[in-house]
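User: I'm new to this structure and would like a close look at one part of it. Pick a single piece, go through it slowly, and then tell me what surrounds it and how the rest of the chain is put together.

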Amino acid sequence: MRIVFAGTPEFAVPSLRAAAQRGEVVAVYTQPDRPAGRGRGLAASPVKLEAIARGIPVLQPETLRRRASQDALRALAPDLMIVVAYGLILPQAVLDIPRFGCWNVHASLLPRWRGAAPIQRAIQAGDTETGVCLMQMEAGLDTGPVLLEQRTPIAATETGGQLHDRLAELGAQVLGDGLGLLRAGIRPVPRPQPEDGASYAHKLDKAEARLDWNRQAQELARTVRAFNPWPVAEATVAGERLRIHGAVALPLAHDAAPGTLLVAGRDGIDIACGEGALRLRVVQREGGRAITAADWLNARRDLASAR
C-alpha cells in the first residue's frame with residue numbers, strides 16, 4: 001500500500017512511525033522550515049527529521065492549492081494520504097487524488113473540539129474525557145465521518161503537555177488499527193458526525209495566558225494546566241510578574257479583593273479569586289527558571305508577614 005504522510009509537529013511523529021510499519025510511505029509532506037531559537041535560524045519540523053532518519057523523501061510546498069503541487073502528489077500514485085496536524089488546508093482536488101482518499105488523526109472525540117487546539121481546550125473547559133478519532137477527510141474543517149475512535153479519561157492534574165503525549169501515542173494506535181483493517185481488505189465503516197455537540201478549539205494565543213483573578217479559581221487552575229508547557233499562564237503576584245507552571249484551586253471562602261495574596265508558605269502561595277483561591281505551587285520569575293513557591297518566597301523577604 002502506497003502511503004503519503006502529511007504532518008508537521010511532534011504530535012504527528014508517532015503516527016508517521018505507525019504508518020511506516022504498515023505500508024510503504026513513499027513521501028512525507030511537512031511545512032517549510034521556519035525560523036526558530038535565539039539565532040532565528042531555519043529549523044526542520046519534527047516530522048521532517050523523522051522522515052530523513054527513515055530515508056523517506058520530503059516535500060515542503062507552501063500550499064497545495066497550486067496545480068504543480070497537485071500534479072506532484074498525483075505522480076506519487078498514493079493509495080492513501082494520512083494527515084496529522086499538517087497545518088495546511090487540503091482542497092478537494094487533493095482529497096480526490098488518493099485511491100482511498102485522505103485520513104486524518106484528530107485529538108478529540110468529534111464533533112467535540114474541531115480545530116487547532118483540541119487538547120488544551122478540552123482541559124480548559126473541564127472535560128473529563130477525550131480521545132482520538134480517525135476521520136475520513138472532506139472539504140469542511142474536521143467535519144468528515146469518523147472511521148475509528150479511542151476514548152481516554154483526562155486526569156484531574158494532567159497538563160496540556162502530558163495529555164498531548166498520551167494522545168499522540170493513542171493516535172498512532174488508532175491509525176495502526178485502521179491501516180491493519182485496510183491491508184486486510186476491510187474498509188472501516190464511516191460514521192457521520194452528529195449535528196449536535198460541535199465546538200471549535202481556537203488556536204492558542206499568548207494573550208490568553210494572562211490570568212484574571214476575577215474569575216473562578218477552578219477555571220484558572222484548568223487554564224494553568226492547559227497552557228503548560230505553552231504558552232504558560234502568567235500573572236502579577238505581590239507586584240511581581242510571574243509565569244505559573246503549577247497551581248491548584250482551593251474552595252476557600254474569603255472577603256478579599258481578587259488578586260490579594262492571602263497566605264504564603266511551603267505548600268504554596270494562595271491568591272484570592274472571584275470565587276475560591278488559587279494556590280500557586282510552581283512559578284517562574286522573569287529571566288529565571290521554574291522554581292517551587294517556597295523557593296520564590298525565600299527570595300521575597302518582604303512577604304514574611306504573609307507566611
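Analyst: **A close look at helix α3**

Let's begin on the outside: the face of α3 turned away from its buried side carries Arg-67, Ala-68 and Ala-75, which are exposed. Exposed here means over 50% relative accessible area, buried means under 20%, and partly exposed is whatever falls in between (1.4 Å probe, protein chains only). Helices and strands are DSSP runs numbered from the N terminus, with H or I over at least four residues for a helix and E over at least two for a strand.

A word on the source: this is a predicted model, where local features need pLDDT of at least 70 and side-chain atom pairs count only at pLDDT 80 or more, while totals for chains, interfaces and linings use all residues. Residues are numbered from 1 along each chain as its sequence is written, and side-chain values use heavy atoms, leaving out hydrogens and water.

Now turn to the inside of the helix. α3 covers residues 67-75, and its buried residues are Ser-69, Gln-70 and Leu-73. Looking down the axis of α3, these buried residues fall within an arc of 95° (taken from the directions from the helix axis to the C-beta atoms), so they line one face of the helix. An α-helix has 3.6 residues a turn, so residues three or four places apart point the same way.

What covers that buried side? The cover includes strands β1 (2-7), β2 (24-29) and β6 (80-84), along with helix α4 (92-95). Contact, by the way, means heavy atoms within 4.5 Å. Following α3 comes Ala-77, whose phi is positive, near 50°.

Helix α2 makes a handy companion to α3. Its buried residues are Val-47, Lys-48, Glu-50 and Ala-51. Down the axis of α2, they fall within an arc of 165°, so they too line one face of their helix. On the other side of α2 you'll find Leu-49, Ile-52 and Ala-53, which are exposed. The buried residues of α2 pack against β1, α1 (13-22), β2 and β5 (58-59). So β1 and β2 turn up around the buried residues of α2 as well as those of α3. After α2 comes Gly-55, with a positive phi near 75°.

Lys-48 of α2 deserves another look. Side chains of opposite charge can pair when their charged atoms come close. Lys-48 forms a salt bridge with Asp-33, and their closest N and O atoms are 3.1 Å apart. Asp-33 lies in the loop between β2 and β3 (34-36) and Lys-48 in α2 (residues 46-54), so the pair ties together parts that are 15 residues apart in sequence. The cut-off for a salt bridge is a side-chain nitrogen of Lys or Arg within 4 Å of a carboxyl oxygen of Asp or Glu. Lys-48 is buried at a relative accessible area of 14%, while Asp-33 is partly exposed at 26%.

By this rule the count comes to 19 salt bridges. Another one joins Glu-240 and Arg-285, with the closest N and O atoms 2.6 Å apart. Glu-240 sits in strand β13 (residues 240-250) and Arg-285 in strand β16 (residues 277-285), so this pair ties together parts that are 45 residues apart in sequence. Glu-240 is buried, with a relative accessible area of 13%, and Arg-285 counts as partly exposed at 29%. Elsewhere, salt bridges that share partners join Glu-129, Glu-149, Arg-151 and Arg-191 into one network. Within it, Glu-149 and Arg-191 form a salt bridge whose closest N and O atoms are 3.4 Å apart. That pair links distant parts of the chain, 42 residues apart: Glu-149 is in strand β10 (residues 146-153) and Arg-191 in the loop between α6 (160-183) and β11 (200-201).

Finally, step back to the whole chain. It has 8 helices and 17 strands. The C-alpha trace spans about 70 × 45 × 30 Å along its principal axes, and buried residues make up 50% of the 307 residues. Among contacts between residues at least 6 apart in sequence, 62% join residues at least 24 apart.
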